[in-house]
Each structure stands twice: as C-alpha cells, then as structure tokens.
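Reader: I am new to this structure and would like a close look at a single part of it. Could you choose one helix, describe it with care, and then place it in the whole?

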Amino acid sequence: MVSVKDVYEIGEIPPLGTIPRQMYAQVIRRERFGEPAKAFQPEKVNVPTNLKPDEALVFVMAAGINYNNVWASLGVPVDVIKVHEREGDPSGFHIGGSDASGIVYAVGDEVTNVRIGDRVVVHCGWWDREDPYIKAGGDPMIAPSARIWGYETNWGSFAQFAKVQAHQCLPKAPQLTWEAAAAPTLVGSTAYRMLHGWPPNTVKDGDVVLVWGGSGGLGSMAIQIAREAGAVPVAVVSSESKFEFCQNLGAKGCINRKKFDHWGMPPHWDDTEAFGRWAEGARAFGKAIWDVLGERRNPAIVLEHPGEDTIPTSIFVCDNGGMVVICAGTTGFSAVVDLRYLWMRQKRFQGSHFANDDNAAAFNQLVVDGKIDPCLSRVFAFEEISVAHQLMHENKHPEGNMVALVSAPREGLTDLP
Ligand SMILES: NC(=O)c1ccc[n+]([C@@H]2O[C@H](COP(=O)([O-])OP(=O)(O)OC[C@H]3O[C@@H](n4cnc5c(N)ncnc54)[C@H](OP(=O)(O)O)[C@@H]3O)[C@@H](O)[C@H]2O)c1
C-alpha cells in the first residue's frame, strides 16, 4: 500500500495520484495587504480536495509570476479576499498564482480532457460552464461568471497543489523545463487574444504593430506573436539597454520612451497653446515609429497596457481604421481620448481581457511547436515569491517572465527527476 504523508516538504514529490492532507502555500491575508515583500507569507494549509465534477487538482512544479498578484498584495483596485468571500469561499486568505506547470493528481467525475499523470500547463481563464451567456454560445471570457484563476479565484499556483477547472489544462511542451513552461501562458494567451481575437482588426502579414513595454511579459510575447503572423513589431521601452532583447525577439526596432515628455493626460483641447505643445510630442513619437520603419506607415494595431500615460499617444499614432487594444491601466485608469482622432479616422479602441480556451490553446500550440521563446528571465525559490513580486512592483524586474520553483527540486528538469 502507498503511504501518504500528512504534508510534504517543498521539493518532495508525493506518489502520483496521492493527496496529502496539508500543503505549503504562499498566502496573502487582509491584515498583510501592502508591499508584496510583506504581503506573501508561507503557511501550511489544507489541500483543497473538494473538487467539483469539472475540476482538477494539479501538483505544481513551477509557478509563473504575474503583475496581477502585485495588485492582490496591495489590496487594490480590488480586495481579492472579499471577492473570494462573495463567492462563498470562507478560507479568509488568498493563494495567488495564475501560471503553472505541473502534473494532474486528481480529477472530478466529469473530467474527460485530462487524466491523472498528465504533464500540463494551466491557463488562468475560469468561468461557470452553466453560465447562460456561455450556454448561449457567448465567448466565456466575456461571460458574467468569467474570473482570473489565482487572482479573482483562490487556490492558485503559489502552493504545492492548485485547484483548477480541467479546461484550463493544456499540454506542457515536452522540450521545456518546468520553469520555462510556467513562464509564458498568461501573458502569451493575453497577447494572442489582443492580436488575433478582435476581427476584422486581427494581425496580418506586413502590419505594423506597436508594442508598449516590449521587454515586459506581455510585450515579449506580443513581439513574437506578431512576428509569427508576418507583421512588423515596433517596441517601446524605457532604456536603450532593452533594445537588443526586443530586436532578438523580432522587433524591427525600438523607441526609448524616456526621450519624450508628453505623457499623461493631455491639456484640454480648448487650451490651444498647451494642447499644441502636447500634439508636438505625440507627432514626434509618431515620427520615431516612421524612423524605425524607414517609411511613413502607422501601426494597424497598438498593443496597450500602460493606460493613462500613453493612451492619448496610442490613439493619435494608430493608423486610420486601426485598433488600439488594451488589457490594463498600469499607470492609471483615467485616460483621455481625443474623440476627433477616434471618429474622423475611424479608429477602434478595444478592451481585451486574458483569453478563452481557443486563444490559449492556439498560443500554447505555438509554444509546443517551439515558435515562442518563453523569455524566462529569473528563477526564484518558493520562499522568494514575495521578492519576485516586489521587484515587479518596483519595475526593477528583469526582461521577460519570472518563475518560482514550487515542487521541481531544481532547475533544468523537463519531467520528474
Ligand atoms: N487583462 C489581462 O488579461 C492582463 C494580462 C496580462 C497582464 N495584464 C496587465 O498588463 C500590465 C503589464 O503586464 P506585464 O506582465 O507585461 O508587466 P511587465 O513585465 O512589468 O511589463 C510592463 C512594461 O510596461 C512598461 N512600462 C512601465 N511603466 C510605463 C509607462 N509609464 N509608460 C509606458 N510603459 C511603461 C515597462 O517597460 P519599460 O519601462 O521598458 O517601458 C514594463 O516592462 C500589468 O498591469 C498587468 O496586470 C493584464
């Protein structure tokens, strides 16, 4: 008979399919909301074994670090623990983590897409399959029940076991290490939907695509997805030291945003003089795009996430009939849209949020086919999950995507040791 310990140490691997009573997790509690360095603390908690028929329990080998759990630590713009409470979760804590590579250890009664033992990565799109919007054929990510797993839901990947809906599981690229496999799914699937998910403004051969934060998580994936579609990515970064990284991924060239100072809300349009000065900055930025391209062409798609600081410029430089597609407001939420550019030039301003199963699977296929570099930047130990988030909070993190080892005992393993 297989004996199961009550709890396994980090890096120990329980026999396949056996579930200990307890596990280690990096836990956020309301009284610790604030700087990520303090908000996360390791705790021993019960393994969530109460699986619904469509759920699975994944033994986490490595967990990707994303910006969303910086927000979870801070407790703004939403108190995620309050969100869990509203959904009937009485635990009083948050286990974040919206990217994982791992092994399926248990499945609910109605799960057919994965089996115990499958090596998987987990995408973070979570929804109620009984949601009337989805049952009527609507995109699940637009459904009222849509949530981001490991942010708006509990039991994410910063723990030895994660509770997921089975449809979130995708095949792990066998050639990738656990840590590399855990790196790209959230940002990559998000960028995939932004670039491919909003017809007719989908990325096409030859399109110019402007990518903000080209060396960041989203940006590094967006450059590669655009490149794979035959488009011409132009990256924006804050230092010339990041140019080479973006160009190696396929950017035609880069713009250093620090060379411009017209960021933030533009002056009111009826203050002609001040607005004129702002427009000069925006025009100079547009010219910098042309300089990279060597011709006067404007971006068919602008991939936005800084928000308040950059939206006016994004809408200004976007091509006629083009699309500014946005998935975040990292610098603030009160963006100003000069409506003249929007309607006269018939531009589209489109919100986009994570990905549905099809978007995530299409992105994962690019990863499995070896077409996407996961851009793994730095690997942290389980105990350092707070450190990684603190670096991200301070925009001091390295280029690409950070990952923490959870149960993988060391770096470099593509399967069990
Ligand atoms: N809705 C979704 O589904 C979804 C999915 C993924 C991420 N997000 C959100 O998207 C945002 C970016 O995520 P990420 O993972 O790519 O983060 P990241 O790795 O930190 O990259 C963001 C990049 O933004 C750039 N940036 C910072 N301040 C800026 C400013 N004032 N103006 C222009 N660019 C600025 C930085 O590059 P430079 O300093 O080099 O310019 C940074 O590398 C976060 O808010 C995240 O929560 C949303």
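Author: What follows begins with one helix, moves to the ligand, and ends with the domains and the whole chain. The model is a predicted one, and the part chosen here is helix H7, which runs over residues 217-228.

The length of H7 can be checked by a simple step of reasoning: at 1.5 Å a residue its 12 residues should span 16 Å, and because its end C-alpha atoms are 17 Å apart, the expectation and the model agree. H7 is mostly covered, with 10 of its 12 residues counted as buried. The buried residues begin with Gly217, Leu218, Gly219, Ser220 and Met221, and continue through Ala222, Ile223, Gln224, Ile225 and Ala226. Among the elements that cover these buried residues are two helices, H6 (185-196) and H8 (243-249). Strands E10 (208-212), E11 (232-237), E13 (301-304) and E17 (401-405) are also part of that cover. After the helix comes Gly230, whose phi is positive, near 85°.

H7 also takes part in the surroundings of the ligand. Of the 29 residues around the ligand, those that come nearest are Gly213, Gly216, Gly217, Ser238 and Ala328. H6 and H7 are the elements that give two or more residues to this shell. By class, the shell is made up of 15 polar, 11 nonpolar and 3 charged residues. Residues of the shell come from both domain 1 (22-184 + 374-405) and domain 2 (188-351), so the ligand lies between the two domains.

These two domains are the divisions of the protein chain, and their centres, taken over C-alpha atoms, are separated by 29 Å. Where they touch, domain 1 contributes 7 residues to the contact and domain 2 contributes 8. On the side of domain 1 that touches domain 2 there are 4 polar residues, 2 nonpolar ones and 1 that is charged.

Stepping back to the whole, the protein chain contains 13 helices and 17 strands. Its radius of gyration is 22 Å, close to the 22 Å that the globule rule gives for 417 residues, so the chain is as compact as a globular protein of that length. Along its principal axes, the C-alpha trace spans about 80 × 45 × 40 Å. Of the 417 residues, 49% count as buried. Among contacts in the chain with a separation of 6 or more, 70% are accounted for by residues 24 or more positions apart.

Conventions
Residues numbered from 1 in each chain as written. Predicted model: local features only at pLDDT ≥ 70, side-chain atom pairs only at ≥ 80, totals over all residues. Helix = DSSP H or I, 4+ residues; strand = E, 2+ residues; numbered from the N terminus. Expected span 1.5 Å × (residues − 1). Buried ≥ 20, exposed ≤ 12 C-beta atoms within 10 Å, placed from the backbone. Near = placed C-beta within 6 Å. Nonpolar A, V, L, I, M, F, W, Y, C, P; charged D, E, K, R; others polar. Domains from an automatic or database assignment. Rg over C-alpha atoms; globule rule 2.2 N^0.38 Å.
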